[in-house]
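Please open the model in your viewer and keep the sequence panel beside it. The tour has two stops.

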Amino acid sequence: MCGIIGCVNDEAVAPILLRGLKRVEYRGYDSAGVATVSESVIRVTKAAGRIDDIERKYGLSTLTGTTGIAHTRWATHGGVTDRNAHPHTSCRERVAIVHNGIIENYLELKKQLRAKGHIFKSETDSEVIAHLIEAEYHQVKDPVKATILAAKKLKGQYAFAALFQDAPELITGARKDAPLLIGVGDTKNFIASDVLAFIEYTDRTIFLDNQEVVKVTNRSVEIFDMNGRSVKRKPTQVAWELADLSKMDYAHYTLKEIHEQPKTVVSAMMQNEEKLAEFVEKIRGARSVFVTAAGTSYHAGLLLKYRLERDAAIRCEVTLAGEFREHSEFVDGGSVVIALSQSGETADLLEAIREAKKKGAKVLSLVNAAGSTLARESDLTLLLNCGPEVGVAATKSFTAQVVVANLIVDNLVGSRNGRGEEVARMVEEALSSEPTVKEIARMYRERSDFYFIGRGYHYPMALEGALKMKELSYIHAEGMAASELKHGTLALIEDGTPVVVINPRGETHADTLSNAEELKARGARVIGISDEPSEVYTHFIKIPRAKESLTPVLEAIPLQLMAYWTAVEKRNDPDYPRNLAKSVTVK
Ligand code: F6R
């Protein structure tokens, strides 16, 4: 949550900051701002709203200077206002900062600083960082020392970058439990929350470790620990293909990413054989297996559990990442904890795996972002290989998680993995449901409630369908086990209520069909997603016939399209749904 970028360049920096900001806008998009330093003045332009609008109104990219920092916000402390937008400056405008995270002791720090005469301009927790650095800098006259001294006073999570009025040739940064990366260029260097912020300019990246501080000029990068000792770390090269972030001919990233899935499921299936075998061996050798994740990744985790138990006879507990600590009684040195994540930066998940490690468990992960904290802190990682996912709603990362989970289980039981081309062809076929789905979206866009049901292996897909619908269309949606309907929720069904029934052929088909009949008898409009038509369905969305393990991938396509097209019908922005951010780096 919140994207930060800082750059020291040898020419105007603001246009570079603006481009970087737009690339990390997915991290938060309620306000944005840029600060640069030139001629001994820190200049700040910031406002509530989307980056493009702020640029049009105030010209973020026109600020002068070769050194600057920028921020795109997802509000935690303090409302969405111009004043609360970052960068924040200290009282004498000698220091400006941008911050991602939560400063837990900000009220206490604010009180102390106020007592010393500091005047605060915003309601944020972040502003204390600027005041703290200014106060320390006043004493020690050294940007790095001041940054360390200030960072040592902070409790909570942070990744921040600071700009100094009288040291215009540098920026400093520090991190604890929030990501901060360095981009090493030839004539410019960067600090950012995500490699996407600078990948256009350099692929050489240094991942800062927790509680490290950095000083960046346009020709040098120096890293320090919290005692001021120098830390040597070489840059690693990240994949250039991350630079390809255009929407192509699609109206939104979300639609592009949905349509990329015939390709991305295949790239996800291309796993290094040895690593996969090692992953599988670790599961086989474990005394107990736990799975943890959040949101859509949690739904993929539920599917993994089903397959591990049904097909590999391996008992498995799945826990929401944010609930893991409270349910980790039985995690120990003989356990394997499998963490699933697109971003690899979800705070709840990082806390869960750290708890697991503390208890001696091995952490295995399925993650899309290669250099992410999760990937670096796991004992073993399988990458999802589906390319950057920009749309806030998880789409291609979900189907990639499902196919990688399938690879794991297929390898565990020694069965043959599906062939890539065959899987791609079926996903392509599922995409041909788009005109039908679009029509359904148009018909039901004004409804206030949607229900999604499924049984067994299709139950997590009911949860996933509802989550997608809520976050993109803002329509209340509930996903549930088909069997649960008559235990209460059926009371909410009335004439015209849309209910999506996820029901391909298989052992749960007949029972779910009966539930569809019960729904229809009470006036519901039943939207069937299946490889088998039925008269009970008011609308039928056909997906190809496939073996059970692949059905969630095929079901995901119309569910994603339905949420997307409903959002478009309602004139929502599907790429940037309100109140959300792609990478949930706060608890
Ligand atoms: C929903 C969605 C979120 C994420 C969740 C976990 O479309 O995108 O529910 O799935 O925030 O994020 P990752 O997978 O990055 O850990």
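Which atom of the ligand is 2.9 Å from an N or O atom in the side chain of Lys-468? Select Lys-468 and the ligand: the partner is an oxygen atom of the ligand. The protein covers 90% of the 400 Å² of accessible area that the ligand has on its own (Shrake-Rupley method, 1.4 Å probe).

This is a predicted model, in which local features need pLDDT of at least 70 and side-chain atom pairs count only at pLDDT 80 or more, while totals for chains, interfaces and linings use all residues. Residues are numbered from 1 along each chain as its sequence is written, and side-chain values use heavy atoms, with hydrogens and water left out.

Next, select Ser-341, where a side-chain N or O atom is 2.6 Å from an oxygen atom of the ligand. For Ser-343, the corresponding distance to a ligand oxygen atom is 2.7 Å. Then display the shell of 15 residues around the ligand (a heavy atom within 4 Å); Ser-297, Thr-346 and Glu-471 are among the closest. Colour α9 (295–312) and α15 (459–473), each of which supplies at least two residues of that shell (helices are DSSP runs of H or I, at least four residues).

Now move to Arg-27, in the loop between α1 (14–23) and β2 (31–38) (strands are DSSP runs of E, at least two residues). Arg-27 counts as buried because its relative accessibility is 1% (buried: under 20%, 1.4 Å probe, protein chains only). Finally, select Thr-72: its C-alpha atom is 7.4 Å from that of Arg-27, although the two residues are 45 apart along the chain.

How values were computed:
Buried means under 20% relative accessible area, exposed over 50%, partly exposed in between (1.4 Å probe, protein chains only). A polar contact is a pair of N or O atoms within 3.5 Å; within protein, one must be able to donate a hydrogen and the other to accept it, and residues adjacent in sequence count only if both atoms are side-chain atoms.
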